[in-house]
Amino acid sequence: PATPPALADARYGYAFAPGTEAGSRLLAALLADSVPVRFAPHAFNGGGMSFPQGAFVVRASGSDSVPVRERVGRHAAAARAQVAPLGSAAASSGTDLGSNSVIPVRPPRVALLGGSPIAGQSFGYAWYALDNRLGYPSTAIDADAIASGVLSDFDVLILPSVFSSPMSPPL
């Protein structure tokens with residue numbers, strides 16, 4: 001797909017839809033760059049576009065030395081994601097973006113399970129998708145480490161395909 005046009009200035013912020021690889025890449029890049037992202041659990045119309053449930057919003061205000069517009073624009077162009085500038089927190093329909101129902105996104109800590117009995121090819125594909133396609137950081141952990149309590153350090157566990165052997169020893 002063609003690179004999106006330069007990002008227009010916005011008084012309130014910027015919104016982008018979920019559910020695409022480009023949107024996922026943009027979200028990962030913004031979170032990695034410590035740009036505060038908010039999650040809209042209800043559909044809304046704003047910036048001349050309709051956004052489905054689960055859209056993301058980045059407020060334009062901030063005290064960073066690099067303006068939010070520049071950071072969002074740079075990451076959106078790299079991800080080839082469509083972003084709409086928002087002139088106001090008031091949505092033309094749906095949830096207003098300044099309400100408490102639009103909540104901050106906390107970057108998840110992702111673990112990717114590997115080692116026996118995980119299928120190596122499935123692990124490799126999952127790692128490639130996270131690292132190269134989405135640009136989202138994950139930590140590979142060995143299946144044997146689960147008993148040590150290492151999972152308490154993570155919010156998300158990705159379990160690739162498993163060989164036909166069971167994950168736990170027989171009783």
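R133 comes out partly exposed, at 40% relative accessibility. That's a handy place to start in this predicted model, since R133 also shares a salt bridge with E21. From there we'll look at the other charged pairs, then a small sheet, then some unusual backbone spots.

**The E21 and R133 corner**

- The side chains of E21 and R133 meet with 2.8 Å between N and O.
- E21 sits in helix α1 and R133 in helix α3, so this pair ties together parts of the chain that are 112 residues apart in sequence.
- Like its partner, E21 is no buried residue: its relative accessible area is 31%, which makes it partly exposed.
- The pair has company, too, as E21, R25 and R133 are linked in a network of salt bridges.
- If you're wondering how salt bridges come about, side chains of opposite charge can pair when their charged atoms come close.

**D33 and its two arginines**

- How many salt bridges does the structure hold? There are six, and D33 takes part in the next ones on our tour, with R71 and with R74.
- For D33 and R71, the closest N and O atoms are 3.2 Å apart.
- D33 lies in the loop between α1 and β2, while R71 is in helix α2, so the pair ties together parts that are 38 residues apart in sequence.
- Is R71 buried or exposed? R71 is buried, because its relative accessible area is 7% and the cut-off for buried is under 20%.
- D33 itself counts as partly exposed, at 25% relative accessibility.
- R74 also meets D33 through its side chain, this time at 3.9 Å from N to O.
- That second pair links distant parts of the chain as well: R74 is in helix α2, D33 is in the loop between α1 and β2, and they are 41 residues apart.
- R74 is partly exposed, with a relative accessible area of 43%.

**A three-stranded sheet**

- Strands β4, β3 and β7 form an open sheet in just that order, with antiparallel pairing.
- Which strands are at the edges? They are β4 (49-51) and β7 (93-94), and each of them pairs on one side only.
- Strand β3, made of residues 44-46, pairs with β7 in the antiparallel sense over two bridges.
- To pick out one contact by eye, look for N45, whose bridge partner in β7 is S93.

**Backbone spots worth a look**

- Some background first: most residues other than glycine have a negative phi, and most peptide bonds are trans.
- S34 goes the other way, with a positive phi of about 60 degrees even though it is not a glycine.
- You'll find S34 in the loop between α1 (21-32) and β2 (38-40).
- S34 counts as exposed, because its relative accessibility is 57% and the cut-off for exposed is over 50%.
- R80 is not a glycine either, yet it has a positive phi of about 60 degrees.
- Where is R80? Its place is in the loop between α2 (68-79) and β6 (84-86).
- R80 counts as partly exposed, with 39% relative accessibility.
- The peptide bond joining S116 and P117 is cis, with omega at about 10 degrees.
- P117 belongs to the loop that runs between β9 (110-114) and α3 (120-134).
- That brings us back to helix α3, where R133 lies.

Methods
Residues numbered from 1 in each chain as written. Predicted model: local features only at pLDDT ≥ 70, side-chain atom pairs only at ≥ 80, totals over all residues. Heavy atoms only, no water. Helix = DSSP H or I, 4+ residues; strand = E, 2+ residues; numbered from the N terminus. Buried < 20%, exposed > 50% of the residue type's maximum accessible area, 1.4 Å probe, protein only. Salt bridge = Lys/Arg side-chain N within 4 Å of Asp/Glu carboxyl O. Pairing = 2+ DSSP bridges.
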